[in-house]
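I opened this model to see how its helices pack and which charged side chains pair up. My notes follow in the order I looked things up.

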Amino acid sequence: MILPSDVLVGVFGGTGLYSLLETHAEYEVETPFGAPSGRVAVGEISGRKVAFLPRHGTEHSIPPHRIPYLANVFAFRELGVRRIIAPTACGSLRPNIHPGSFVVSDQFVDRTRGRRDTFYDGPEVTHISGGEPYCPQLRELASDSIAALGLPVHREGTCVVVQGPRFSTRAESEYFTKCGWHTVNMTQYPEVVLARELEMCYVNIALVTDYDAGVIGEPGTAPVSAEEVVAGLKKGNENVRRIIERMVSAMPEGFTCSCGRSEEHTSELQSRQSI
């Protein structure tokens, strides 16, 4: 099967987002890093080719720590994707970040362990900047699109990425809050940094489904349950679909970010290290 090579936008998400693409073709993409989470669906939104891949598999059978992140990101690159929209569910660490609202992450904190998190394991070595992991151009587009739909949005926020598949303890959740972080998720790392290594723009649209282990000392913020997350996702999936459709329709042709130049200083750094 010949793969398309002109798909400019890729979407990672849950199986509930298959409805994004009314008609689509499915492709098995082979990568040097194994098989992706599933077949990649390619269709159109507003006349633009979009690829969709459910990061947990078509049956939601892959837990967060076992997702083939390298294969998933590489598969998008093979299709020509330059921009990735990555909706996720998240837990809130703040009483003012309510379930049903959206957070467009601008920072993350990695609390995972044992996940393969780079395409450059040697002998080829590269160094990417971590200062601004999320694409500023896509973050602005996402925030504006959410606001234009009349949905509650926080235009920035730090996401702490936990290993999963369990949720946080109260002690962990309280610690995360005291650190000044805003949301909790299980899949942002290493997905975002792998996209940057391949010089792809990446944005996270985080749908708040719960209050994690409960915001300590705040009434009405009960600890999360799996049932609550599923209910929040079902309720919010339609809004996520509307946001993505609006983003794709308004996607600019040009790039004002530096995501596509992530490796331009690699040789300079390597030279400096050899001195």
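**Ground rules.** For packing, I took contact to mean heavy atoms within 4.5 Å. For burial, I called a residue buried when its relative accessible area is under 20%. I'm working on a predicted model, not an experimental one.

**Overview.** I started with the whole chain. The protein has six helices and eleven strands. Of its 275 residues, 51% are buried. I also looked at how far apart in sequence the contacts reach: among those between residues at least 6 apart, 82% join residues at least 24 apart.

**Helix α1.** Is α1 mostly covered or mostly open? Mostly covered: eight of its ten residues are buried. I wrote down the buried ones as Tyr69, Leu70, Ala71, Asn72, Val73, Phe74, Ala75 and Phe76. What do they pack against? I found β1, β3 (40-45), β4, β5 (83-92) and α4 as the partners of these buried residues. Just past the end of α1, I noted that Gly80 has a positive phi of about 95°.

**Helix α4.** I went to α4 next, and ten of its ten residues are buried. The list runs Gln188, Tyr189, Pro190, Glu191, Val192, Val193, Leu194, Ala195, Arg196 and Glu197. I noticed charged residues in there, including Glu191, Arg196 and Glu197. After α4 comes Glu199, and its phi is positive too, near 60°.

**α1 against α4.** Two packed helices are described by the angle between their axes and the distance between the axes, so I looked up both. The axes of α1 (residues 69-78) and α4 (residues 188-197) come within 9 Å and cross at roughly 35°. I have the crossing down as right-handed. Which residues make the contact? From α1 I listed Tyr69, Leu70 and Val73, and from α4 Tyr189, Pro190, Glu191, Leu194 and Ala195. By type, that gives seven nonpolar, no polar and one charged. The charged one is Glu191, and I wanted to know what it pairs with.

**Salt bridges.** Side chains of opposite charge can pair when their charged atoms come close. I got eleven salt bridges in the structure and went through a few of them.

- Glu191 pairs with Arg55, the closest N and O atoms being 2.9 Å apart. Glu191 sits in helix α4 and Arg55 in the loop between β4 and α1, so this bridge ties together parts that are 136 residues apart in sequence. Buried or exposed? Glu191 is buried, at 1% relative accessible area. Arg55 is buried as well, at 3%.
- Asp6 pairs with Lys49, with 3.2 Å between the closest N and O atoms. Asp6 is in the segment before β1 (9-13) and Lys49 is in strand β4 (residues 48-54), which puts them 43 residues apart. I have Asp6 as partly exposed, at 41%. Lys49 is also partly exposed, at 31%.
- Arg155 pairs with Asp144, the closest N and O atoms being 2.9 Å apart. Arg155 lies in the loop between β8 (153-154) and β9 (158-162) and Asp144 in helix α2 (residues 136-148), so the parts tied together here are eleven residues apart in sequence. Arg155 is partly exposed, with 42% relative accessible area. Asp144 comes out partly exposed too, at 36%.

I also found a network: salt bridges with shared partners join Glu26, Glu28 and Arg39.

**Cysteines.** How many disulfides does the model hold? I counted zero. I checked Cys201, which is in no disulfide; its nearest cysteine sulfur belongs to Cys257 and is 3.4 Å away. A disulfide needs the two sulfur atoms within 2.5 Å, so a pair at 3.4 Å doesn't count. Going the other way, Cys257 is in no disulfide either, and the nearest sulfur is that of Cys201. Cys201 is buried, with 2% relative accessible area. Cys257 is buried at 7%.

**Back to Glu191.** I ended by rereading my entries on this residue. Glu191 is part of the contact between α1 and α4, and Glu191 also forms the salt bridge with Arg55.

Notes. Residues are numbered from 1 along each chain as its sequence is written. This is a predicted model: local features need pLDDT of at least 70, side-chain atom pairs count only at pLDDT 80 or more; totals for chains, interfaces and linings use all residues. Side-chain values use heavy atoms; hydrogens and water are left out. Buried means under 20% relative accessible area, exposed over 50%, partly exposed in between (1.4 Å probe, protein chains only). Axes are lines fitted to C-alpha atoms, for helices over the stretch in contact, and angles run from 0 to 180 degrees between N-to-C directions. Helices (H or I, at least four residues) and strands (E, at least two) are DSSP runs, numbered from the N terminus. A crossing is left-handed if the near helix is turned anticlockwise from the far one by less than a right angle, and right-handed if clockwise. A salt bridge is a side-chain nitrogen of Lys or Arg within 4 Å of a carboxyl oxygen of Asp or Glu.
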